[in-house]
Amino acid sequence: WHAWASLEEECQNPKDARRLFERSLEANPQNAATYHALGLMELRQGEDARAVELFERGTRVSPRNTFLLQAWAQCEAKREGGDPHKAIELFERAIDLRPSDAGIYQAYAEMSFDLGDVDGARRLFALGTKANKYHLRTYQAWGLMEAGIGDLARARVIFQQGVWAAPKAKGITQLWQAWALSEANHGLAVRCPKDRAPANFGAQGNEATNGRGPSLEVPEHLKLARTYFKHAVDSAQQAFPTATVVAWAKTEERYGNPSTARSLFEEAVLKDPRNKRLWAAFRAFEQRGGDFRSLQLVETRADLALRSGPAASTAVNAALDQSRSEQSRGTAPAGGPGKVSTPGTASNQPGTGAGFTAGDLAEYAALEARAVSRATLEESEAAAASEEMKKKGEKKKGKPRIKGAFGIDDSEHFFELPEDQW
């Protein structure tokens with residue numbers, strides 16, 4: 001019941017999820033995990049009072065469950081009409097039960113900061129990093145707090161301590177990204193405290209050049225931000241860090257570097273072509289730039305990527321890269337005469353007055369069709385080969401050996417909790 005309810009919530013069906021969570025509690029009224037999950041869902045639905053009721057019921061059946069205590073404390077701290085004193089009491093109880101859980105200190109520190117106790121927040125953040133030096137979210141939250149109140153020097157020390165403590169731990173990408181954004185935001189606040197958005201977004205190159213080409217002088221904070229963004233991207237351990245690249249692109253845009261921002265978006269859609277949020281951010285970027293032709297092409301590519309298979313989208317992006325490379329060498333794109341003007345080329349920079357012609361878009365459509373055809377054929381061949389392998393495998397005796405219940409190493413996807421926690 002619990003797993004089914006979680007799936008329904010993920011599918012944006014809160015009514016069905018609520019009904020299934022209740023069935024789970026009917027089947028096992030002692031299941032603290034269900035009280036916790038249902039309480040968090042009610043919080044996300046804006047039902048704060050209902051969430052408090054569930055957290056309280058859960059702590060009655062499992063009084064040593066620190067996840068419930070922490071969730072209840074955070075709810076009391078943030079909800080309208082909440083009791084901060086009750087939240088402090090719950091945080092203290094959770095720390096007494098699990099003094100090595102840095103996450104509890106982090107949440108407690110954030111509440112203290114919201115209540116105006118900066119020194120108290122610093123003390124709790126420091127205790128959290130001592131309790132578990134590998135919990136990088138504590139360093140991240142602490143550094144962002146210091147940067148937010150204008151103490152960049154202290155923030156730098158904290159970010160650096162986190163990097164030194166666990167350079168390959170989970171969350172290192174987010175820590176580098178937070179450091180990069182802190183540097184970038186501070187630099188913008190110093191340059192234009194009243195209006196952080198560059199006035200001449202459409203100019204090529206850095207705003208300091210007045211559109212005459214790339215600037216030889218890059219602001220110091222932007223240099224540092226770029227370095228830390230690169231560390232963030234390089235430290236990604238598995239999937240491509242799309243969110244980090246988008247944050248980097250938005251930073252370049254705010255500093256008046258649309259060409260660099262566009263290049264980052266192009267890299268992201270090449271690596272993660274099925275990401276709806278990524279395409280939405282790319283479209284918003286082009287819309288802010290005011291170039292209708294660029295916006296039109298991004299929308300066309302997004303539609304193709306989201307309604308076709310990954311192979312088709314990858315093929316189109318690869319074809320676009322090849323076309324851009326051939327254009328830069330002064331040759332015609334493969335497959336036909338003329339040229340395909342793509343984002344990032346000199347003929348398509350916002351503010352230059354040059355855009356896509358009807359011939360450009362027609363050539364792009366032809367390029368798109370060829371890529372989709374190739375990709376569809378490749379997918380069909382791959383499916384046929386997979387079916388053939390499956391038939392051969394069925395003839396073999398015995399069952400395949402697997403590491404876990406789902407055919408994967410469960411230790412990489414699930415965490416173990418002490419028996420007294422759930």
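Helices in this account are DSSP runs of H or I with at least four residues, numbered from the N terminus. The model is predicted. By that assignment the protein has 18 helices and 0 strands.

One pair of residues shows how the helix numbering is used. Lysine 230 and aspartate 234 are 4 residues apart in helix 12, which covers residues 220-235, so about one helical turn separates them. An α-helix has 3.6 residues a turn, so residues three or four places apart point the same way. The side chains of lysine 230 and aspartate 234 meet in a salt bridge, with an N to O distance of 3.0 Å. Lysine 230 is partly exposed because its relative accessibility is 47%, and aspartate 234 is exposed because its relative accessible area is 52%; the cut-off for exposed is over 50%.

The whole chain comes next. The protein has 422 residues, and buried residues make up 41% of them. About 23,000 Å² is exposed by the protein, with 52% of that area supplied by carbon and sulfur atoms. Among contacts with a separation of 6 or more, 53% are between residues 24 or more positions apart.

At the start of the chain, helix 1 spans residues 2-10 and contains tryptophan 4. Tryptophan 4 has 44% relative accessibility and therefore counts as partly exposed. Together with Trp1 and Leu7, Trp4 forms a nonpolar patch on the surface, and the accessible area of the three is about 340 Å² together. The loop between helix 1 and helix 2 holds glutamine 12. Glutamine 12 is not a glycine, yet its phi is positive, at about 65°. With 64% relative accessibility, glutamine 12 counts as exposed.

Helix 3 can be followed from end to end. Before it, asparagine 31 caps the N-terminal end: a side-chain oxygen of asparagine 31 lies 3.1 Å from the backbone nitrogen of alanine 33. Helix 3 runs over residues 32-44, which is 13 residues. From its first C-alpha to its last it reaches 19 Å, close to the 18 Å expected at 1.5 Å a residue. After helix 3 comes glycine 46, with a positive phi near 85°. The buried residues of helix 3 are Ala32, Thr34, Tyr35, His36, Ala37, Leu38, Gly39, Met41 and Glu42. Their cover includes helix 1, helix 2 (14-27), helix 4 (48-61) and helix 5 (66-78). Glu42, one of these buried residues, also belongs to a network of salt bridges that links it with Arg18, Glu22, Arg50 and Glu53.

Charged pairs occur elsewhere too. Side chains of opposite charge can pair when their charged atoms come close. The count of salt bridges comes to 20. In one of them, the side chains of arginine 122 and glutamate 146 meet at 2.7 Å, N to O. Arginine 122 lies in helix 8 (residues 118-131) and glutamate 146 in helix 9 (residues 136-148), so the pair ties together parts that are 24 residues apart in sequence. Are these two residues buried or exposed? Arginine 122 counts as buried because its relative accessibility is 18%, under the 20% cut-off. Glutamate 146 is buried as well, with a relative accessible area of 0%.

A further salt bridge joins arginine 288 and glutamate 253, whose closest N and O atoms are 2.6 Å apart. Arginine 288 is in helix 15 (residues 276-289) and glutamate 253 in helix 13, so this pair ties together parts that are 35 residues apart in sequence. Arginine 288 is partly exposed, at 44% relative accessibility, whereas glutamate 253 is buried, at 8%.

Helix 13, covering residues 242-254, also holds threonine 251. Threonine 251 counts as buried because its relative accessibility is 2%. What does threonine 251 touch, not counting residues up to four places away in sequence? Its contacts are Leu181, Ala184, Leu222 and Phe229. Within the same stretch of chain, a polar atom of the threonine 251 side chain lies 2.9 Å from the backbone oxygen of alanine 247.

Conventions
Residues are numbered from 1 along each chain as its sequence is written. This is a predicted model: local features need pLDDT of at least 70, side-chain atom pairs count only at pLDDT 80 or more; totals for chains, interfaces and linings use all residues. Side-chain values use heavy atoms; hydrogens and water are left out. Patches are made of residues with over 30% relative accessible area and no salt bridge: like charges are joined within 9 Å, nonpolar side chains (Val, Leu, Ile, Met, Phe, Trp, Tyr) within 5 Å. Accessible areas come from the Shrake-Rupley method with a 1.4 Å probe; for residues, only the protein chains shown count as cover. A salt bridge is a side-chain nitrogen of Lys or Arg within 4 Å of a carboxyl oxygen of Asp or Glu. Helices (H or I, at least four residues) and strands (E, at least two) are DSSP runs, numbered from the N terminus. Buried means under 20% relative accessible area, exposed over 50%, partly exposed in between (1.4 Å probe, protein chains only). The expected span of a helix is 1.5 Å times one less than its number of residues. Contact means heavy atoms within 4.5 Å. A polar contact is a pair of N or O atoms within 3.5 Å; within protein, one must be able to donate a hydrogen and the other to accept it, and residues adjacent in sequence count only if both atoms are side-chain atoms.
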